[in-house]
Amino acid sequence: MVLDIEYALSEHSDYCILKTEKNKVEDKQPRIDIVTIEKNTGQLYVMELKYGMKSVLGEASAKAHLNDFNLSVGAEQKWEYFWEDIQVLLEEKRKRGLVKSTELKHAKPVFAFVFKSEIDGDIETFKKYLREN
């Protein structure tokens with residue numbers, strides 16, 4: 001079940017990327033393309049969309065997205081704060097009748113890519129990229 005699209009990480013959250021020694025937040029906070037909940041298990045997923053290999057490389061690379069996840073909502077000291085915010089979002093959507101009653105499993109979110117190939121061979125090239133990076 002898709003719960004949110006383009007979820008922005010607030011610089012005021014306890015799971016923002018990182019703060020400097022002067023407690024100033026870095027300029028760039030990532031956005032999560034899709035936040036989903038697996039209906040049968042209640043597992044929370046953070047998904048990044050990639051279309052073709054040109055979207056995997058460069059500034060917004062697949063590796064950069066995984067690093068952002070590991071520094072924010074996937075970090076051991078931070079994921080539970082993100083989970084709590086998603087629990088509030090889910091409950092509000094339930095109250096408004098936007099989603100059915102789905103339980104959110106209390107567990108670290110799982111990171112996943114949603115990849116659409118642009119040309120033949122992209123899927124294998126992407127799998128190789130993931131193994132190497």
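How many helices and how many strands are there in the protein? There are three helices and four strands. The model shown in these views is predicted.

**Figure 1. The whole protein, from first strand to last helix, follows the pattern β-β-β-α-α-β-α.** Its C-alpha atoms fill a box of roughly 45 × 45 × 20 Å, taken along the principal axes. The protein has 133 residues, and 39% of them count as buried. About 8500 Å² of the protein is exposed. Carbon and sulfur atoms supply 51% of that area. Take the contacts between residues at least 6 apart in sequence: 64% of these join residues at least 24 apart. Charged side chains number 21 positive and 24 negative. The centres of these two sets lie 2 Å apart.

**Figure 2. E6 and R31 form a salt bridge.** Side chains of opposite charge can pair when their charged atoms come close. The count for this protein comes to seven salt bridges. In the bridge between E6 and R31, the closest N and O atoms are 3.6 Å apart. E6 lies in strand β1 (residues 2–8), while R31 lies in strand β2 (residues 31–37), so the pair ties together parts that are 25 residues apart in sequence. Is E6 buried or partly exposed? E6 counts as partly exposed, because its relative accessibility is 40%, and the partly exposed class runs between 20% and 50%.

**Figure 3. E118 and K54 link two loops through a salt bridge.** The closest N and O atoms of this pair are 2.5 Å apart. E118 sits in the loop between β4 and α3 (122–132). K54 sits in the loop between β3 (44–51) and α1 (62–71). The two residues are 64 residues apart, so the pair links distant parts of the chain. E118 is partly exposed, at 36% relative accessible area. K54 is exposed, at 60%.

**Figure 4. K127 and E124 form a salt bridge within helix α3.** Here the closest N and O atoms are 3.8 Å apart. Where do the two residues lie along the helix? They are three residues apart, about one turn of the helix. K127 is partly exposed, with a relative accessible area of 41%.

**Figure 5. A patch of negative charge gathers on the surface.** Which residues make up this patch? They are D14, E80, E84 and D85. E84 has its place in helix α2. Its relative accessible area is 43%, so E84 is partly exposed.

**Figure 6. E103 sits in a loop and touches R94 of helix α2.** The loop runs between α2 (79–95) and β4 (110–116). Is E103 buried or exposed? E103 is exposed, because its relative accessible area is 59%, and the cut-off for exposed is over 50%. Leave aside its neighbours within four places in sequence, and E103 is in contact with I37, G42 and R94. G42 is 61 residues from E103 along the chain, but their C-alpha atoms are separated by 5.4 Å.

**Figure 7. R94 in helix α2 is buried.** The relative accessible area of R94 is 17%. That value falls in the buried class because the cut-off is under 20%. Which residues does R94 touch, not counting those up to four places away in sequence? R94 touches Q87, V99, K100, S101, T102 and E103.

Note on methods. Residues are numbered from 1 along each chain as its sequence is written. This is a predicted model: local features need pLDDT of at least 70, side-chain atom pairs count only at pLDDT 80 or more; totals for chains, interfaces and linings use all residues. Side-chain values use heavy atoms; hydrogens and water are left out. Buried means under 20% relative accessible area, exposed over 50%, partly exposed in between (1.4 Å probe, protein chains only). Contact means heavy atoms within 4.5 Å. Patches are made of residues with over 30% relative accessible area and no salt bridge: like charges are joined within 9 Å, nonpolar side chains (Val, Leu, Ile, Met, Phe, Trp, Tyr) within 5 Å. Accessible areas come from the Shrake-Rupley method with a 1.4 Å probe; for residues, only the protein chains shown count as cover. A salt bridge is a side-chain nitrogen of Lys or Arg within 4 Å of a carboxyl oxygen of Asp or Glu. Lys and Arg count as positive and Asp and Glu as negative; His and the chain ends are not counted. The place of a charge is taken as NZ of Lys, CZ of Arg, CG of Asp or CD of Glu.
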